[in-house]
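Morning, everyone. Please bring the model up on your screens, and I will walk you through it.

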Protein chains: 2
Amino acid sequence: MTIYPVIMAGGSGTRFWPLSRRDRPKQLLPLAGSDPLLVDTVRRLAPLARIDRTYVVCGPVHAGAVRKLLPRLPKANLIVEPVPRNTAACVGLAAIHLRRRDPGAILAMLPADHHVAHPARLRAALQSAARVAAKGHIATIGLRPTRAETGYGYLQIGRPLAGMAPARKVDRFVEKPDARTAARYLAGRRHLWNGGMFVFRADVILEEIERSLPPMRRALERIARDLGTTRYPKTLKRVFPSCQSISIDHGVMERSRRIAVVPADPGWSDLGSFATLPEVRRPDRVGNVIEGEAIVLDGRDNVVLARKGRPVALIGLREVIVVDAGDAILVCPRDRAQDVRKVVEELKRRGREELT
Amino acid sequence: MTIYPVIMAGGSGTRFWPLSRRDRPKQLLPLAGSDPLLVDTVRRLAPLARIDRTYVVCGPVHAGAVRKLLPRLPKANLIVEPVPRNTAACVGLAAIHLRRRDPGAILAMLPADHHVAHPARLRAALQSAARVAAKGHIATIGLRPTRAETGYGYLQIGRPLAGMAPARKVDRFVEKPDARTAARYLAGRRHLWNGGMFVFRADVILEEIERSLPPMRRALERIARDLGTTRYPKTLKRVFPSCQSISIDHGVMERSRRIAVVPADPGWSDLGSFATLPEVRRPDRVGNVIEGEAIVLDGRDNVVLARKGRPVALIGLREVIVVDAGDAILVCPRDRAQDVRKVVEELKRRGREELT
């Protein structure tokens, strides 16, 4: 039973503008500390799989940056999608690569841009998940909710899987709930957060893609035929764009009856926006998260990311985000952090693409 | 009767940090539009007095900048105070200079860093004031209140001055009132704002200084003895610092019985802080005052001063000030704009003098 971590680094994330840009997406930013999130993610998995068994999937624009950040990653382990086609096609593409290398390969698909406070706990859960996956299940990591979060999807847990504790069946995938439902989930203890981390055998996931998305399976097999040949890049470029753009959750998981879940409590955060930074960085004693030089007078619970040598002074503000990216500055309340993408849209409307 | 405008440009104003600095005080900043406030002030008075009758008083640090901004100002018309000693000494120093040039000189002392929307109205008031001053009064310009402002001092107006309409006696100088008192003043129509603009004969103000501040008068006369000689700079440097540091309002005006007032309505603002910019710059239709490139989504009544090429994005904020000075950034609510000086103090405490 061999685990192959496959790190999905295809996101273009606009929710961290002005730090994130088309050519510098969230996963390449050191949002949680001193290293880019992608590097943190690879390092976190190192005890589970050597770097030559670790794979990264990304787009062509970011391939160079990924290679630079991960110089020890073998060239063949960087899977470059010619166009973004959401996570179902990403998973499928990784599956045909790994199936060729190791017919019994167990893939641990993980987003490149999340944060985990206790990596050992995540690794233990992934190992449990791999044992479940070896038996033909698709195992997800279910994160124990610590608050009534409305920004995440949930997994409704079912009966235990015989002989595979702590794994259980998943009865249902639940979309982002409203606040009342989220509170009910938190109290009921039958729901876990869906963090988008899945463990499965390559052949199993391809069967499930076949069942739910037959045209995608056919496209993947056409690509698979040319794997390892000089024709591969051309075939990939021609065929991959025909894959339906759908998430693995919607396209496959929600329709599958082979889903299991391993509960875990690794201090996980999806780092969805600047508003989540206080979850992953230590705030000062009045709740301010500060990077660089800031002068915060009489203010609390702010997030201030200043540039070296250019201090930001804040007076009397609460729950405000201030980010200086060098060529653009953002100021917004924490509860509007999701709307940063609207700024990116507005910049495009104004013909300021170079800032997006 | 000859009017000599004397523009007091000695302020070091920290309330416009991060734009204002020790070597770039408020009066040298183009806060109201495209020109520095000092240049606006001189231009506003030009129809009243030629540039060779116009004087500027400033400190040694700013003399070079003032000369550059006002290349046509005669060298002798720039009076440089060796140390700042508040406005009473500034007025006295100007008075001994002007008395020597023209024993009947009428001085119009004006701050360099205020804004006037209707300069012709101010000039008319200054001319009325000069007629009153010629008779031996000290004439102030009293600004008709347009709101119950608690940030200004007030003048309580008394009986009309015979034959000198619209001038009246001043009964009392009133310190910054509380909100209730300010509302009463606004309703009662017997109080005007004290804008710190005074018109008087050189000999009259020196008599009043003699009456209220005898040691200052003696110091001034010691300096006056060496005026026009090579000894002047040395004497000034030795004697001027001995002058009491007190405002002309406190030190002289409030104790004088020769104060008259000419009411005026010139659209005056003292530009006391960033919060006052909407008074002097046209806000957009939702109340935002914007300089440079800004993206304001769903926000109103903000003041955003961005730098060329570095846009500031604001989401969902109201009455917030954002100023990018290139090497420092300020974010604060409009009602805390006065506290900007505390940031300057904090920077000094941190040994970051170069930013103050």
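I will take the symmetry, then the interface, then the cysteines, then a few single residues and one helix.

Ground rules. This is a predicted model, so local features need pLDDT of at least 70 and side-chain atom pairs count only at pLDDT 80 or more, while totals for chains, interfaces and linings use all residues. Residues are numbered from 1 along each chain as its sequence is written, chains are lettered from A and ligands numbered from 1 in the order in which they are written, and side-chain values use heavy atoms, with hydrogens and water left out.

Symmetry. A turn of 180° and a shift of 0.1 Å along the axis lay chain B on chain A, with an RMSD of 0.1 Å. The two copies are thus related as by a two-fold rotation axis. The superposition is by least squares on the C-alpha atoms of residues with pLDDT of at least 70 in both copies. Which residue of chain B comes closest to the rotation axis? Val331(B) does, with its C-alpha at 4.1 Å. Both copies use the same surface: 100% of the contact residues of chain B recur in chain A.

Now the interface. Contact means heavy atoms within 4.5 Å. On that rule, 35 residues of chain B meet 35 residues of chain A. The buried area is about 2,900 Å², with 64% from carbon and sulfur atoms. That is the accessible area (1.4 Å probe) that two parts lose on being put together, summed over both. Ile315(B), Ile329(B) and Val331(B) supply 23% of what chain B buries against chain A, more than any other three residues.

Next, the polar side. There are four salt bridges between chain B and chain A. The rule is a side-chain nitrogen of Lys or Arg within 4 Å of a carboxyl oxygen of Asp or Glu. Glu293(A) forms a salt bridge with Arg352(B), the closest N and O atoms being 2.7 Å apart. Several elements of chain B give two or more residues to the side that touches chain A, among them strand 17 (329-333) and helix 11 (340-349). Helices (H or I, at least four residues) and strands (E, at least two) are DSSP runs, numbered from the N terminus.

Cysteines. How many disulfides does the structure hold over all chains? Zero. A disulfide here is a pair of cysteine sulfur atoms within 2.5 Å. The sulfur of Cys332(A) has its closest cysteine sulfur in Cys332(B), 17 Å away, so it is too far for a bond. Buried means under 20% relative accessible area, exposed over 50%, partly exposed in between (1.4 Å probe, protein chains only). Cys332(A) is buried, at 0%. Cys332(B) is buried too, also at 0%.

Two arginines. Arg21(B) sits in the loop between strand 1 (3-8) and helix 1 (37-45) of chain B. Arg21(B) is buried, at 4%. Beyond its neighbours within four places in sequence, Arg21(B) is in contact with residues including Ala325(B), Glu354(B) and Thr356(B). Arg121(A) lies in helix 4 (residues 119-134) of chain A. Arg121(A) is partly exposed, at 44%. Not counting residues up to four places away in sequence, Arg121(A) touches Asp265(A) and Pro266(A).

Last, helix 6 (residues 202-212) of chain A. Its buried residues include Val204(A), Ile205(A) and Ile209(A). The buried residues of helix 6 pack against elements of chain A including helix 3 (86-101), strand 4 (106-111) and helix 7 (214-225).
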